[in-house]
Structure formats: C-alpha cells, structure tokens
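Here is a walk through a protein chain for someone meeting it for the first time. Have the structure open and follow along, stop by stop.

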Amino acid sequence: MSKTMELEGLTYEVSYRNIKYPRLEFKTGKLKLILPLGYDHTTLLRKHKAWITQKSTFIKECLSASIDKELVKRSDSEFKELVHRLANTAASTLGVTINKIYFRTMRTKWASCSHRKNLTINSLMRYLPDYLIAYIIFHEIAHVIEPRHNANFWAIISTKFRNYKTLEKELFIYWFLVWDKISG
C-alpha cells in the first residue's frame, strides 16, 4: 500500500513493505520511498535531503530540455532490424558474441544484458534517434566484458563514445519524453 505525502513543498510517495532497508527511488521522475514496516519516512528524507534536492533539480532540467526533442517514428520491423545490425556491429567491435535479443516494454531501463549474453531491449527505444540506440546497445554489450559500472567499464565505453556522460543525460531527457507520449 502506498500513499502520496508532502513535506517542505516536496511531494513524494511512501510505500511500506516487508523489507530490511529503506530506499529512495526517482525512477519515473517522482520521488518514491520504499520503507520497512514502521519506519519513519521523515528521518530518511532529512538524511538524504541534499541528494533529493540535487536529483530533483536534475529531473526538472531534463523535463525542460525534453520540450525541444522529437521522437523518431519507425515501424517495429525497422526498429528490430536496426537493433540487430547495431548489436552485430557492437559485438564485433568489442570482440564478443551475444546470444539472443528479446524485445519488451520495460518500465525502468532502456535495455539489459544477462550473464548468458542475452540482450533485452526496451521496445520504447524505437522512438529514440539512431545514435542513442547505438550507444545503448554498445553499453549493454560492454557488460559482457565488464558486468559492473566501474572505471574499467567506462574505459570500454570511452573507446567508442567519449561523450558518454552527455549521452546518458540525453537518455534521461528522452525517458520523460517517451513516457509522456505513451501515458498521454
């Protein structure tokens, strides 16, 4: 069960669950607190106020920047063909193989790569420009070499995408644009 609350002008959702540790999420652009039963939500908010403010400001900037972006229109078959081509290119560039590519709508990420070298592609990526799709696929296939987002991983990403920080922010901007399109 969850409920929407407000504290010091900040609106957030609180959800109590049978878990050990509290956590904060901004996955859909709105603050959500997932808390152990009986946990005082104001304690968590005060402890992480600086992080919440920083993240909230970043999200507002991204929402503002999304106004100038346009979504790409492409068919499912065009999208799947593009993904397969880019995956083959990225795998070849990185000297790895991938197993299968799956497509489904995902609520919290653009794509993922399993330890079995399977790619799962968010079907909503079809609205992104080609260069962002290429970046996401390269990013996920790089996880075959390095599973974690550590310095080694980002060094691999930098071999092809020196501007990866800019691309990461752009993906965040497009996230809001895409979700606005499918929910509105």
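## Charges over rings

Start at K80: its charged end sits over the ring of F103, 5.3 Å from the ring's centre. A second case of this kind is R126, which lies over the face of Y127 at 5.6 Å from the ring centre. Keep in mind that you're looking at a predicted model, so these are computed values from a prediction.

## The whole chain

Now zoom out. The chain has 6 helices and 7 strands. Reading from the N terminus, the elements go β-β-β-β-α-α-α-β-β-β-α-α-α. In other words, four strands come before three helices, and then three strands are followed by three more helices.

As for overall dimensions, the C-alpha trace spans about 50 × 35 × 30 Å along its principal axes. The chain has 184 residues, and 41% of them count as buried.

## Rings that pair up

Searching the whole structure turns up 8 aromatic pairs. One of them is F153 with W154, an edge-to-face pair with 4.9 Å from centre to centre and 80° between the planes. F153 and W154 are both buried. W154 also pairs with Y164, and here the rings are stacked: the centres are 4.6 Å apart, with 15° between the planes. That second pair connects distant parts of the chain, with W154 in helix α5 (residues 151-158) and Y164 in helix α6 (residues 164-183), 10 residues apart.

Is Y164 buried or exposed? It counts as buried because its relative accessibility is 16%, and the cut-off for buried is under 20%. Elsewhere, ring pairs join F58, F172 and F176 into a cluster.

## The largest pocket

F172 turns up again at the largest pocket, whose volume is about 630 Å³. The pocket is lined by 21 residues, and the ones closest to its centre are T108, K109, W110, E168 and F172.

Which elements give two or more residues to this lining? They are α2 (49-65), α4 (130-142) and α6. Helix α6 provides the largest share, with 6 residues. Sorted by class, the lining has 10 nonpolar, 4 polar and 7 charged residues.

## Strand β7 and its neighbours

Next, take a look at strand β7 (residues 119-122), which is covered on both faces. L119 and I121 are on one side, T120 and N122 are on the other, and all of them are buried.

Strand β5 (residues 101-104) runs parallel to β7 and is joined to it by 4 bridges. Strand β6 (residues 111-113) is joined to β7 by 3 bridges, and those two run antiparallel. T120 in β7 is a handy landmark here: Y102 stands opposite T120, and S112 stands opposite T120 as well.

## Loops around these strands

The hairpin of β6 and β7 has 5 residues between its strands. K117 lies in that loop, and its phi is near 70°, a positive value in a residue other than glycine. Most residues other than glycine have a negative phi. How much of K117 is open to the outside? K117 is partly exposed, because its relative accessible area is 34%, and partly exposed covers what falls between the 20% and 50% cut-offs.

T105 is in the loop between β5 and β6. With a relative accessible area of 46%, T105 is therefore partly exposed. T105 and S123 are 18 residues apart in sequence, yet their C-alpha atoms are 5.0 Å apart in space.

## A last stop at Y21

Finally, head back towards the start of the chain. Y21 lies in the loop between β2 (10-17) and β3 (23-25). Its relative accessible area is 62%, so Y21 is exposed, the cut-off for that being over 50%. Y21 and I34 are 13 residues apart in sequence, with 8.6 Å in space from C-alpha to C-alpha.

Notes. Residues numbered from 1 in each chain as written. Predicted model: local features only at pLDDT ≥ 70, side-chain atom pairs only at ≥ 80, totals over all residues. Heavy atoms only, no water. Phe/Tyr/Trp six-rings, centres within 6.5 Å; stacked < 30°, edge-to-face > 60°. Buried < 20%, exposed > 50% of the residue type's maximum accessible area, 1.4 Å probe, protein only. Lys NZ or Arg CZ within 6 Å of the ring centre and 35° of its normal. 1 Å grid on protein atoms, 1.4 Å probe; cavity = no way out; pocket = protein on both sides within 12 Å on 5 of 7 lines; lining within 4 Å. Points joined across faces, edges and corners; volume = space filled by probe spheres on them. Nonpolar A, V, L, I, M, F, W, Y, C, P; charged D, E, K, R; others polar. Pairing = 2+ DSSP bridges.
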